[in-house]
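Colleague: Could you help me see how labels in a structure follow from their definitions? Let's take it step by step.

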Amino acid sequence: MKPVYAKTPLTIPQQVEHLQQRGLHIPDTARAQLVLRRVGLYRLKGFLLPYKTPAGYVPGTSFADAERLMKLDEALRLHGLGAMQTVEVGVRQAIVQWMLERHGLRWYADPVHLGSPEQWNSRLP
C-alpha cells in the first residue's frame, strides 16, 4: 500500500507566507512571487538548505541569500557548459585526425571502421 501524501498544494502567495513563517526574511514579496513562479518552491528550498535548521532558517537569512546562490549556480553551469563545448570539439578533432592519418580522407565512409551490424545489435539491451 502506498503512503498517503497529505500535504495540500500552496498558491504562490501561500508559498511566500510559508517561507516567512519558517523565518526567511522577504522584504519584497512581489519579487519573491516572481522568482517562485519561475523556479518553484522545491528548487528554491534546495538553495536554502545551507541555512536550514530544525526550527526554520538561521536568523537573518533572507530571500536574497537564496537568489545569490541561484545566480552562482547558473554562472557555474554556464561556465561548465562552455567548457564542455571546448572538450567535445577537441576530442572529436583528435579522433578525426587520428583516423585521417591512418585511413585516409574518406575513412568515415568505409564500413570496415564501424563494425558489423550484428556487433552493434548484440550490445542492445
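Modeller: Happy to! This is a predicted model, where local features need pLDDT of at least 70, side-chain atom pairs count only at pLDDT 80 or more, and totals for chains, interfaces and linings use all residues. Residues are numbered from 1 along each chain as its sequence is written, and side-chain values use heavy atoms, with hydrogens and water left out.

Colleague: Why is Glu67 called buried?

Modeller: Buried means under 20% relative accessible area, exposed over 50%, and partly exposed in between (1.4 Å probe, protein chains only). Glu67 has 14% relative accessibility, so Glu67 counts as buried.

Colleague: What makes Glu67 and Arg31 a salt bridge?

Modeller: The term needs a side-chain nitrogen of Lys or Arg within 4 Å of a carboxyl oxygen of Asp or Glu. For Glu67 and Arg31 the N to O distance is 2.6 Å, so the pair is a salt bridge. Glu67 lies in helix α4 and Arg31 in helix α2, so the pair ties together parts that are 36 residues apart in sequence. Helices here are DSSP runs (H or I, at least four residues), numbered from the N terminus.

Colleague: And why is Arg31 called partly exposed?

Modeller: Arg31 has 36% relative accessibility, which falls between the two cut-offs, so Arg31 counts as partly exposed.

Colleague: How do you know that Glu101 is exposed?

Modeller: Glu101 reaches 57%, so Glu101 is on the exposed side of the cut-off. Glu101 also forms a salt bridge with Arg102, the closest N and O atoms being 3.8 Å apart.

How values were computed. Helix = DSSP H or I, 4+ residues; strand = E, 2+ residues; numbered from the N terminus.
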